[in-house]
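User: Please take a close look at one single part of the structure shown here. Afterwards, kindly explain how that part fits into the chain as a whole.

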Amino acid sequence: MVSDRGYVEELADVEDDFDRWYVEVVRKAEMADDSPVRGTRIIRPYGFALWENIQRQLDDRIKATGVENAYFPLFIPKSMLEREAEHVEGFAPEVAWVTHGGNKKLEEPWAVRPTSEAIICPIYSRWVQSYRDLPILINQWSNVVRWEERPRAFLRTVEFLWQEGHTAHSSLDEAEERTLQMLEVYRDLCETELAIPVVPGLKSDSEKFAGALRTYTIEAMMGGKHWALQSATSHNLGDHFGRVFDIEFLDKQGERHFAFNTSWGLSTRIVGAVIMVHGDERGLKMPPRVAPTQAVIVPIWRKDNERADVEAAVERVRSSLGTDLRVKVDLRDDKTPGWKFNDWELKGVPVRIELGPRDIQNEQVMVVRRDTGEKQAVPMAELPGVLPTLLDEIQANMYESARKMLEEKSERVTDYARLKERAAGNEGFSYVYWCGSEECEDKVKAETHATIRCIPLEQPGESGPCIVCGTTSDTEVIFARAY
RNA sequence: CGGGGAGUGGCGCAGUCCGGUUAGCGCGCCGCGUUCGGGACGCGGAGGUCGGAGGUUCGAAUCCUCUCUCCCCGACCA
């Protein structure tokens with residue numbers, strides 16, 4: 001029912017109980033549903049439509065850098081997965097195994113891919129003999145399985161969807177360049193399309209990808225508890241995988257070298273980020289550029305004779321908007337307008353267009369923004385011009401709000417007690433100097449549950465005492481709790 | 001994997017301690033009518049065997065044993 005607030009009451013309070021709010025909004029907005037299989041979730045059409053829009057934007061950007069799509073198998077023979085020692089060790093606890101085919105026990109078990117380096121690299125080995133065969137630039141859209149405890153829709157599920165790019169290069173410098181290039185692609189995607197500001201940075205050794213030389217990440221700040229979410233990663237694998245999977249080539253001088261690899265991925269987890277960064281007490285708030293529905297038209301009428309006029313006007317308005325915008329008309333006659341308003345707000349549709357008898361009289365529509373709640377009358381004839389601009393404004397405003405949150409909930413901390421206080425109080429990102437030792441990193445983690453999210457690429461260019469041991473360091477890191 | 005909580009129509013819950021009529025309630029759903037500018041209302045109706053298995057008993061949602069699942073808090077993670 002509706003309370004004094006004037007909107008859905010059945011949603012947990014976004015400030016008081018953010019985790020519960022998340023679970024509820026995911027379900028009520030029909031983003032995802034529970035599944036009968038432990039740890040997995042069903043992505044419903046509305047949630048999948050968002051993913052598809054993100055996918056399209058990212059796919060275009062990836063291809064624009066010269067990468068092609070391909071597809072490698074879901075299964076990896078045990079011996080292959082085990083070739084790279086650090087890699088296996090890192091993933092061992094979360095690998096699902098196929099031990100039987102039909103009624104027959106397999107001679108060698110197959111791993112269900114937790115990521116595909118171990119199946120892709122051996123193939124690259126076959127394709128590469130000469131420096132002329134490099135670079136190899138391939139991406140695949142796939143599902144992977146990681147046997148996680150504690151599933152949360154989109155954020156952490158046993159099976160999830162993602163893209164994983166895998167490249168091979170003739171030099172470490174070129175691999176590093178590609179690693180950073182893809183990190184930039186992710187940053188641009190998040191900030192431009194999803195209105196999510198991120199902090200690009202390097203992972204500490206303890207947080208990096210199993211088997212990587214270096215892992216870069218973009219970290220975003222979620223709403224509610226201001227925890228961090230690792231939103232995409234890009235790894236420079238050095239020649240570790242080239243060596244163990246024997247990706248060898250002859251250079252111009254006829255000398256033998258191992259190839260240098262990169263891999264980089266962004267998953268359906270990002271959908272969780274969109275939900276948590278932008279959502280509010282009324283529900284979701286979709287960034288216009290990727291919103292499954294950018295505007296919804298709600299007809300309003302009382303009597304049947306009004307209905308015919310209104311629905312005709314609605315159709316005129318809808319067709320005047322063309323096909324470039326994703327516009328939906330809500331013709332349901334078993335729901336009242338008020339019910340629909342709440343429903344579309346819960347689903348986060350950026351713009352609502354109300355059209356009733358009074359509007360027809362005035363040759364106008366009422367236009368309501370989801371981000372600010374602002375309502376204005378717009379002459380019907382002007383709507384096709386106004387709407388795209390309005391969507392751009394909403395996109396910009398949503399980015400700006402998220403940026404403000406990131407700024408306001410980030411603090412440079414020099415006092416260890418303050419760091420603890422901030423972690424305990426869900427106060428966001430703490431920027432601190434760190435000496436680089438794992439002991440100091442672990443101590444903070446053990447005492448505050450905050451981890452090093454990244455070493456931001458943008459450094460202050462000064463030095464200061466390590467937050468734990470006091471050793472002078474010029475490395476600043478972000479400590480925060482993370483999903 | 002450790003600690004805590006919970007499984008009862010689609011959803012949210014009551015009933016369980018102290019076994020005993022046809023297992024209730026709100027929302028939702030179906031039909032009809034009145035409604036419709038911020039989650040409308042009336043009347044009529046459908047739908048559960050109480051997570052699962054076993055046991056105790058004349059009788060089990062309720063007691064006992066085993067088991068599965070989900071949620072929250074910790075250890076590990078895109």
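Analyst: The part chosen is Pro-288, which sits in the loop that links helix H8 (269-278) to strand S15 (295-299). Helices (H or I, at least four residues) and strands (E, at least two) are DSSP runs, numbered from the N terminus. The model is predicted, so local features need pLDDT of at least 70 and side-chain atom pairs count only at pLDDT 80 or more, while totals for chains, interfaces and linings use all residues. Residues are numbered from 1 along each chain as its sequence is written, chains are lettered from A and ligands numbered from 1 in the order in which they are written, and side-chain values use heavy atoms, with hydrogens and water left out.

Is Pro-288 buried or exposed? Pro-288 counts as buried, because its relative accessibility is 2%; buried means under 20% relative accessible area, exposed over 50%, and partly exposed in between (1.4 Å probe, protein chains only). Apart from its neighbours within four places in sequence, Pro-288 is in contact (heavy atoms within 4.5 Å) with Gln-294, Arg-326, Pro-350, Leu-391, Ile-394, Gln-395 and Met-398. A separation along the chain can also be compared with a separation in space: Val-349 is 61 residues from Pro-288 along the chain, and their C-alpha atoms are 8.0 Å apart. A contrasting pair is Ile-123 and Thr-336, which are 213 residues apart along the chain and have C-alpha atoms separated by 59 Å.

The helix before this loop deserves attention as well. In H8, 10 of the 10 residues are buried, so this helix is largely enclosed by the rest of the structure. Its buried residues include Arg-269, Gly-272 and His-278, together with Ile-270, Val-271 and Met-276.

Ile-123 belongs to another helix, H5 (residues 117-127). With a relative accessible area of 17%, Ile-123 is buried. The loop from H5 to strand S7 (136-145) contains Pro-135, and the peptide bond that runs from Leu-134 to Pro-135 is cis, with omega near -5°.

Two further loop residues have a notable backbone angle. Ala-195 is not a glycine, yet its phi is positive, at about 60°. Ala-195 occupies the loop between helix H6 (172-193) and strand S9 (198-202), and it counts as buried because its relative accessibility is 0%. Asn-426, also not a glycine, has a positive phi of about 50°. The loop that holds Asn-426 joins helix H13 (416-424) to S21; with a relative accessible area of 24%, Asn-426 is partly exposed.

S21 leads to the sheet. An open sheet with mixed pairing is formed by 11 strands in the order S3-S7-S8-S14-S11-S10-S9-S22-S25-S21-S20. Its edge strands, S3 (68-69) and S20 (410-412), each pair on one side only; two strands pair if DSSP finds at least two bridges between them. Strands of a sheet pair through backbone hydrogen bonds, either parallel or antiparallel.

Within this sheet, strand S25 (residues 476-480) is mostly covered, with 5 of its 5 residues buried. Glu-476, Ile-478 and Ala-480 point one way from S25, while Val-477 and Phe-479 point the other way. Strand S21 (residues 429-433) runs antiparallel to S25 and is joined to it by 4 bridges, one of them between Tyr-431 and Ile-478. Strand S22 (residues 451-456) is also antiparallel to S25, over 3 bridges, and here Thr-451 is the bridge partner of Ala-480. Elsewhere in the sheet, 8 bridges connect the antiparallel strands S10 (residues 214-221) and S11 (residues 228-238); Met-221 has Ala-228 as its bridge partner in S11.

The whole chain completes the picture. Chain A contains 14 helices and 25 strands, and 53% of its 483 residues are buried. Among contacts between residues at least 6 apart in sequence, 69% join residues at least 24 apart. The radius of gyration of chain A is 25 Å, which agrees with the value near 23 Å for a compact globule of 483 residues; this radius is taken over C-alpha atoms, and the globule rule is 2.2 Å times the number of residues to the power 0.38. Along the principal axes, the C-alpha atoms of chain A fill a box of roughly 80 × 55 × 50 Å.
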